[in-house]
Amino acid sequence: MTHVEHVAARAGRTVAWPAWVHDDVLTAYTKNGILKPWEHQANAATMAHDGLHVVLATGTGSGKSLGYQLPALSRLMSDDRATALYLSPTKALAADQLRAVAGLDLDGVRPATYDGDTPRAEREWIRQHSRFVLTNPDMLHHAILPGHTRWTTFLRRLAYVVVDECHAYRGVFGSHVAHVLRRLRRAAARYGASPTFVLASATSGDPADAASRLTGLQVNAVVDDASPRGAVTFALWEPPLDASLSPPVRTSALSETADLLASAILDDTRTLAFVRSRKAAELIATMARGRLNAAVPGLGRRVAAYRGGYLREDRRALEQALLSGDLLGLASTNALELGVDLVGLDAVLMCGYPGTRASMWQQAGRAGRAGGDALVVLIARDDPLDMYVVHHPSALFGRPVEATVLDPSNPYVLGPQLCSAAAEAALTFDDLAMFGPAAAGAAEALAASGALRKRPTGYYWTQRGTPDVDLRGTGGPPVEVVEAATGKLLGTVDRASAHAMLHPGAVHLHQGFSFIVDELDLDDGVALVHAADPPYSTHPRDITDISVVAVRSYVDAGPIGLFLGDVDVTNQVVSFQRRSIRTGEVIDTTPLDLPARDLRTVAVWFTISSRELSRAGVAPGDVPGALHAAEHAAIGLLPLIATCDRWDIGGLSTAGHPDTEAPTVFVYDGQAGGAGFAERAYGTAAAWLAATRDAISACGCEAGCPSCIQSPKCGNNNSPLDKPGAVSVLSAVLRRLP
């Protein structure tokens, strides 16, 4: 345990109910035990009631839902024609909100979820009768807005739009959602409505600005959290090195988390373990289950995994089992990070730093939601960023959380969204202002390409059907995982991850059971698998090439150059390793024949002259390893200054790139058109690269390890790597950079 942070308990501040709250709504809350609102709830609700767009940005468990429910439900009860639309980034959160609103039992509100899991037989009833519709941006984009003529009555009467957990809308996904909300505003205006937007966010940097960019409206922020909070004990945990091995090997964060989860359940402590990937959630649940059954036969049934890709009935059963107490422990991806009301949890484990302080505190807030004290443990992975933060607690505590990064002007987002808007209704010249200053030029370009047709009245969509726009950047519809012997659908994997997760020979985990992939059919979107229990795990390897398209900005620092620009990235998964589950040793490497994928995105890169490398003491033969090590560590540390994690970004280093004609290190956004991370890195390059150098220098290893310069996603098997050379390279760059 490298550090323990004690967060003191906090008393709450209540105020009287606002005079405008409808009597039936007030009675319903009182019956549910809410005698008075917290001050921040009443402030945000009153702003919304007065017609001001507002974002309520307070801590986890602070009751943000009351802040938007009060004005929306009071309006629905006082005007029996009014409607409200609720948007959340996950189905689990919408289901939780449905339970809360339905539990108030308000006559005539008729709340209902309208998402991909809603049976078609119910959808028509919801369109005609529900006055509080709960959905997500994907359904709004794919179904509601393209079919707005079927929602005419609902949209004409739309009084409030609630955007819950709006800090989740970042990067390319957030940029798409920003335009979906503009399309919603446009559709509502077409039918004579001008709804008030109420947004809820975890504590974030500059929430008013982020909410304004998301909605295209002037949004006011309420940030003073008046809710009570139990004390939190927050521990930072570094898995130990096994000195009996040569060289010493660090115990995996997965194994440590499984041990802690099993220990917590043995002590009857209700615990949620957050992990970074679907595969890790399955592994931790399986390991914890085995340890519990070994200690108390049958106790393993009280721990499970929860992740995206499960079928609807499986997700709902797990949520109910955790709420009821049938499950004491859950290993979950961030699907349960957002505001699902998990009352009664005692502890949260984080298997690895979530990537941002905002996400860290959001996950930590899952514990102690009933007002009791809470324990939070962050278990470091063998990763430069994780090792940095557990040894530099000041990077986590006592610092403001990050601002949300999104860019609605991204041309890879703006163009398809304008096409979607035009497909819904002709895009008038006045409409373009709603989509930002770049919209007019983008519309002209779309007309020149033939995607839109320009007429005196505006721009018209020229194709049949609607544009194929992927909000989440997953590369298209998900790939279905099917058991070959039975034809049973096990779940889904997003298309962008299919090459790495569902290649032939991959081990696929599902609810504690192992399967091996026999065939991946990308054209039909199906992976066929068979049940197995292999003693190994699989790890894909890939290769990447980059070409510079255009330079947006640069810093000329003599022998050092720092650049921001557009690049083309070509990536291909070329092989996979099988590694022993018991020892982690590589058993073998198998080549793969999968198609390459092309990506135009935004990158930050620096160049360093060969003469400057010589001055820094880096011999010519050591240059590739020094640059490669610096690239790995820079990717690992970028989440310190940008709202991303290392899986959102990629990199490449070379001792001589044909476009720059110099030794170069690239770091690029992993989304088409960019996601704002490279721009953030460019703007704070000195701080970012200084933290990178310090993390490498401070690591106690001799030649480099996963805690500093090795990367879990390296396509070159972490070779070559030169730890001292990386420190020398970064020091040389920092000496010259302003």
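Contact is taken here to mean heavy atoms within 4.5 Å. The structure described is a predicted model, and the analysis begins with the surroundings of one helix.

Helix H14 (residues 384-391) is largely enclosed by the rest of the structure, because 7 of its 8 residues are buried. The buried residues of H14 are Pro384, Leu385, Asp386, Met387, Tyr388, Val389 and Val390. Their cover is provided by elements that include strand E9 (232-237), strand E11 (249-250) and strand E16 (374-379), together with H19 and helix H21 (685-698).

One residue of this environment, Leu637, lies in helix H19 (residues 623-637). Leu637 has a relative accessibility of 1% and therefore counts as buried, the cut-off for that class being under 20%. When neighbours within four places in sequence are left aside, Leu637 is in contact with Pro384, Leu385 and Tyr388, and also with Trp688, Ala691, Thr692 and Ala695. Pro384, Leu385 and Tyr388 are among the buried residues of H14. With respect to Gly372, Leu637 is separated by 265 residues in sequence, and the C-alpha to C-alpha distance is 34 Å.

Strand E14 (residues 329-332) is covered on both faces. Gly329 and Ala331 are buried on one side of the strand, and Leu330 and Ser332 are buried on the other. Strand E12 (residues 271-274) runs parallel to E14 and is joined to it by 4 bridges; within this pairing, Phe274 has Ser332 as its bridge partner. Strand E13 (residues 303-306) likewise pairs with E14 in the parallel sense, over 4 bridges, and Tyr306 stands opposite Ser332. Ser332 of E14 is thus the partner of Phe274 and stands opposite Tyr306. Strands of a sheet pair through backbone hydrogen bonds, in either a parallel or an antiparallel arrangement.

An open sheet of 7 strands, with parallel pairing, shows the strand order E4-E5-E3-E6-E7-E2-E8. Its edges are formed by strand E4 (111-113) and strand E8 (220-222), each of which pairs on one side only. On average, and with direction ignored, neighbouring strands of this sheet are turned by 20° against each other. Within the order, strand E6 (residues 158-163) pairs with strand E7 (residues 196-201) in the parallel sense over 4 bridges. Val161 has Phe197 of E7 as its bridge partner.

Helix packing was examined for H1 and H3. Helix H1 (residues 23-31) packs against helix H3 (residues 64-78) at an angle of about 135°, and the two axes are 8 Å apart. This angle makes H1 oblique to H3, because only values over 145 degrees count as roughly antiparallel and 65 to 115 as roughly perpendicular. On the H1 side, the contact is made by Asp24, Val25 and Tyr29; on the H3 side, it is made by Leu66, Gln69, Leu70, Leu73, Ser74 and Met77. By class, the residues of this contact comprise 6 nonpolar, 2 polar and 1 charged.

Electrostatic pairing was then considered. Side chains of opposite charge can pair when their charged atoms come close. A search of the whole structure finds 21 salt bridges. One of these joins the side chains of Glu444 and Lys454, with an N to O distance of 2.6 Å. This pair links distant parts of the chain: Glu444 belongs to helix H16 (residues 439-449) and Lys454 to strand E17 (residues 452-455), with their positions 10 residues apart in the numbering. Glu444 is partly exposed, at a relative accessible area of 37%, and Lys454 also counts as partly exposed, at 41%.

The side chains of Arg75 and Asp79 form another salt bridge, at 3.8 Å from N to O. Arg75 is partly exposed at 36% relative accessibility, and Asp79 is partly exposed with a relative accessible area of 25%. A further salt bridge connects Asp694 and Arg693, with an N to O distance of 3.5 Å. Asp694 has a relative accessibility of 36% and counts as partly exposed; Arg693, at 24%, counts as partly exposed as well. In addition, Arg13, Glu39 and Asp224 are joined into one network by salt bridges that share partners.

Key: Residues numbered from 1 in each chain as written. Predicted model: local features only at pLDDT ≥ 70, side-chain atom pairs only at ≥ 80, totals over all residues. Heavy atoms only, no water. Salt bridge = Lys/Arg side-chain N within 4 Å of Asp/Glu carboxyl O. Buried < 20%, exposed > 50% of the residue type's maximum accessible area, 1.4 Å probe, protein only. Helix = DSSP H or I, 4+ residues; strand = E, 2+ residues; numbered from the N terminus. Pairing = 2+ DSSP bridges. Axes fitted to C-alpha atoms, helices over the stretch in contact; angles between N-to-C directions. Parallel < 35°, antiparallel > 145°, perpendicular 65-115°, else oblique. Nonpolar A, V, L, I, M, F, W, Y, C, P; charged D, E, K, R; others polar.
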